[in-house]
Every structure is written in C-alpha cells, then in structure tokens.
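Please open the model in your viewer and keep the selection panel at hand. The stops below go from single residues to pockets.

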Amino acid sequence: MQTKKRKPRTFQYRLKEDLRNREFKEHYEEERTALALAYKIHRLREEKNLTQQQLAKLMETSQQAVSRIESGEYEGMTLKTLEKIAKATGTWLKVDFVAA
C-alpha cells in the first residue's frame, strides 16, 4: 500500500486559507495596519537618532507611552498623537486614502 506524501503547509498557504473567512480578514487587516503604523513611527524615531525617552520628552509624554505606540498594540492612536510625533521629529504628517 502506497501512502501519499503530503506537502508541508506553509504559513502563506495557511494565511491564504484563513483570509477566506470574512471576520478573520477584517481583524487581520486592522492588525496589519496598526503594525505598519507602529513600524513607521519606530523607523522615524531611529532615523532622527532619538531614543524613546528623548522622543517622549519632545512629545511631553512618558517613555512607556512611546513604547506602547511602537508596539503596534496601542489602541489610543489619535490624529493629535500623530501630530505630536510629527512635531517632535520635525516632520509633516500626511494622511492619505488609497483604494481598497
């Protein structure tokens, strides 16, 4: 009796399957967006050669708050917060809408 060899399931294959579920896809997109923004903020801070503590001082907040913002799990992100980050890093904030 011959047994069929199964292909190992990759992460990409599993993700493709899971994204067929509407609820999963909505949550996935929310998390992906939050992580992308957190990464951009982290990268901006490093490009400006600032520590979390230094950025926090410029934003008039705590280092812990900056850490939460950069973690991607901060749920209190507001336009005001993004404006503070822009001002503290000497950059302009640009908000844009793109086709889904």
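A residue counts as buried under 20% relative accessible area, as exposed over 50%, and as partly exposed in between. The model on screen is predicted, and with that in mind you can select Tyr28, which is partly exposed because its relative accessibility is 26%. Add Phe24, whose relative accessibility of 31% makes Phe24 partly exposed as well.

A search of the whole structure finds one aromatic pair, and Phe24 with Tyr28 forms that pair, stacked at 6.2 Å centre to centre with 15° between the planes. The two residues are four apart in helix α2, so about one helical turn separates Phe24 from Tyr28.

Move next to Arg22, which belongs to helix α2, covering residues 22–47, and which counts as exposed because its relative accessibility is 64%. If you draw a distance from the C-alpha of Arg22 to that of Leu55, the viewer should span 38 Å, for a separation of 33 residues in sequence.

Now select Thr33, Ala36, Leu37, Lys40 and Leu82, which among the 31 lining residues of the largest pocket lie nearest its centre. Two or more lining residues come from each of α2 and α5 (79–89), with α2 giving the most, 14 residues. The space in this largest pocket is about 1,200 Å³, and its lining divides into 17 nonpolar, three polar and 11 charged residues.

For the last stop, select Leu58, Met59, Glu60, Lys80, Glu83, Lys84, Lys87 and Ala88, the lining of the second largest pocket, which has a volume of about 160 Å³. Here α5 gives the most, with five residues, and the lining holds three nonpolar, no polar and five charged residues.

Methods
Residues are numbered from 1 along each chain as its sequence is written. This is a predicted model: local features need pLDDT of at least 70, side-chain atom pairs count only at pLDDT 80 or more; totals for chains, interfaces and linings use all residues. Side-chain values use heavy atoms; hydrogens and water are left out. Buried means under 20% relative accessible area, exposed over 50%, partly exposed in between (1.4 Å probe, protein chains only). Rings of Phe, Tyr and Trp (its six-membered ring) pair if their centres lie within 6.5 Å; planes under 30 degrees apart count as stacked, over 60 as edge-to-face and the rest as tilted. On a 1 Å grid over the protein atoms alone, a cavity is a set of points where a 1.4 Å probe fits but cannot get out, and a pocket is an open set with protein on both sides within 12 Å along at least five of seven lines; lining residues have an atom within 4 Å of a point. Grid points are joined across faces, edges and corners, and a volume is the space filled by probe spheres set on the points. Ala, Val, Leu, Ile, Met, Phe, Trp, Tyr, Cys and Pro count as nonpolar, Asp, Glu, Lys and Arg as charged, and the others, Gly among them, as polar.
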